[in-house]
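Thanks, everyone. I will walk through side-chain contacts and surface charge in one structure, so please have a look at it first.

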Amino acid sequence: MRGRGDLAGQKMFDAFPSEEGSESHQLLKSSLDRVLKTGEPDELALIRYDIENPDGSTDARYWSATHTPIHEGGQLRYILQHTVDVTEVEKLRQHKDAMGIFRRAKSVQDENRTLRDETRRLLALFHQAPGFTAVLMGTEHRFAMANEAYRELVGRADVVGRTVEEALPEVADQGFIEVLDNVYRTGEPYFGRREEVFLVPEGESEPRSRFLNFVFQPVLDDDDLVRGIIIQGNDVTDEVLSLERQQSLVNELNHRVKNTLAIVQGLAMQSFRTAETERGRAVFEARLRTLATAHNLLTEGFWGAAEVADVVRQSAETTARDALARIDFSGDLVRLPPQTAVSLAMIIHELCTNAMKYGALSNESGSIAIRWHVVENGAKALVFEWKEQGGPAVTPPERPGFGTRLISRGVSDRATGSAEVAYEPDGLRFSMRAELEAA
């Protein structure tokens with residue numbers, strides 16, 4: 001928008017002024033100075049250089065410029081400035097960048113919306129979780145969150161924003177503030193197992209006893225520093241009270257069974273009065289004691305499954321007494337249903353009785369090895385072996401009695417079970433195989 005006469009003879013920055021010190025002025029001056037100093041061409045890929053219009057207004061313009069030196073007689077005489085107006089291209093690029101910014105902004109907005117939705121869902125799950133959960137922040141243990149189950153447990157709706165000591169003074173009185181302090185200080189979680197906690201719901205004066213399984217889990221930041229504590233757990237009061245009632249009933253049942261066994265023993269003593277029957281009475285009482293021992297073992301486990309090791313050891317201890325040290329036990333961890341456990345206890349009693357009378361425990365040098373293991377061939381089976389050695393020579397009895405028949409039968413009447421008694425030169429050997437039922 002200038003004629004040749006308007007420009008000829010003027011200095012660059014007079015014909016096309018720019019504020020001295022501005023980026024436009026510095027870029028253009030530096031490029032021209034480099035050409036003067038080096039005698040080499042210089043390029044400006046992009047420079048904003050505003051142009052004044054004839055009416056005094058100013059247009060923001062973008063240029064790509066090349067400054068080429070022209071020499072005469074070995075001296076730099078002129079600089080050829082070749083410029084291309086790239087304003088429209090730059091505006092298009094800026095528009096494209098702006099569109100990219102808009103796209104990124106929309107993407108961020110969509111991600112934020114997704115995060116908000118996920119946060120709402122997580123909060124809904126948090127509040128609806130069946131286990132009680134609360135989040136404490138800071139060294140003073142201030143409630144940041146508490147779900148519905150936690151509020152229902154403590155009987156208060158306004159715990160958030162308050163410290164544990166403020167919201168639940170009865171909990172502080174039971175020493176839990178010290179526990180929380182230790183978790184915060186050490187970073188180690190605290191586990192409560194069926195721990196009795198007394199809580200006073202809002203509007204009540206008397207504490208309620210609750211049994212809880214819970215954990216105080218430290219909350220760590222990116223530097224592994226403790227910033228808070230998560231409380232999570234379940235109310236197991238009904239379970240604990242049910243177990244206590246069950247234990248009370250089992251204890252009562254055990255007491256009554258023992259009384260019944262004592263009555264049976266008294267009747268036996270009345271029945272076995274003569275010298276001829278004295279030996280039979282002793283045998284009967286010994287078997288009765290073994291049965292009582294097996295009964296005690298089962299009642300301790302609420303008449304559930306009993307471990308083979310416990311059945312064998314307790315039955316042998318009842319019968320062998322001081323000779324127990326000469327019996328070696330070894331086997332897999334196997335649990336037997338109640339009836340099978342009683343049968344095995346009676347077998348061990350008969351074997352121990354025979355060993356003390358005629359076998360390895362009848363002298364001072366004999367010993368017994370008891371081994372058992374589980375095999376699987378479609379169904380699980382218990383393989384049990386009793387082996388005596390070091391005792392006097394043994395021979396089969398002329399007439400099998402009750403004990404022999406009991407041993408030979410094993411613990412199962414099934415076709416899948418088997419039992420064998422062998423009177424070997426170095427001592428009696430008893431082997432048995434029994435299919436294991438679900439314990």
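Let me start with the aromatic residues: F176, Y190, F214 and F216 are joined into a cluster by ring pairs. Keep in mind throughout that this is a predicted model.

How many aromatic pairs does the structure hold? The count is eight. I will go through two of them, F176 with F216 and F214 with F216. As a reminder, two numbers describe such a pair, the distance between the ring centres and the angle between the planes.

For F176 and F216 the centres are 6.4 Å apart and the planes stand at 80°, so this pair is edge-to-face. The angle cut-off for that class is over 60 degrees. F176 belongs to helix 8, while F216 sits in strand 9, which covers residues 208-220, so the contact ties together parts 40 residues apart in sequence.

Are these two rings buried or exposed? F176 is buried, at 7% relative accessible area, and F216 is buried too, at 6%. The cut-off for buried is under 20%.

The second pair is F214 with F216, and here the geometry is tilted, with 5.1 Å from centre to centre and 40° between the planes. F214 has a relative accessibility of 6% and therefore counts as buried.

Next, the salt bridges. The total for the structure is 17. I picked out three pairs and one network.

The pair E72 and R77 has its nitrogen and oxygen 3.5 Å apart. E72 has a relative accessible area of 42%, so it is classed as partly exposed.

Then there is R194 with E239, a salt bridge with an N to O distance of 3.0 Å. Which parts of the chain does this pair link? R194 is in strand 8, residues 190-199, and E239 is in helix 9, residues 237-271; the two residues are 45 apart, and the pair links distant parts of the chain. Both ends are partly exposed: R194 at 43% relative accessibility, and E239 at 39%.

The third pair is E307 and R335, where the side chains meet at 3.4 Å, again N to O. E307 lies in strand 11, residues 306-307, and R335 in strand 13, residues 335-336, so this salt bridge ties together parts that are 28 residues apart in sequence. E307 counts as partly exposed at 24%, and R335 falls in that class at 43%.

Further along the chain, K387, E424, D426 and R429 are linked to one another in a salt-bridge network.

Last, the surface charge. Where is there a patch of negative charge? On the surface, E165, E166, D173, E178 and D181 gather into one. Helix 6, residues 164-167, and helix 8, residues 176-186, are the elements that give two or more residues to this patch. D173 lies in helix 7, residues 169-173. With a relative accessibility of 69%, D173 counts as exposed, because the cut-off for that class is over 50%.

One thing to look at on the model is helix 8. F176, in helix 8, pairs with F216, and helix 8 also gives residues to the negative patch. The F176 side is buried, whereas the patch is on the surface.

That is what I have, and I am happy to take questions.

Definitions and conventions. Residues numbered from 1 in each chain as written. Predicted model: local features only at pLDDT ≥ 70, side-chain atom pairs only at ≥ 80, totals over all residues. Heavy atoms only, no water. Patch = residues over 30% accessible without salt bridge, like charges linked within 9 Å, V, L, I, M, F, W, Y side chains within 5 Å. Areas by Shrake-Rupley, 256 points an atom, 1.4 Å probe, with all protein chains shown as cover. Salt bridge = Lys/Arg side-chain N within 4 Å of Asp/Glu carboxyl O. Lys, Arg positive; Asp, Glu negative; His and termini not counted. Charge placed at Lys NZ, Arg CZ, Asp CG, Glu CD. Helix = DSSP H or I, 4+ residues; strand = E, 2+ residues; numbered from the N terminus. Buried < 20%, exposed > 50% of the residue type's maximum accessible area, 1.4 Å probe, protein only. Phe/Tyr/Trp six-rings, centres within 6.5 Å; stacked < 30°, edge-to-face > 60°.
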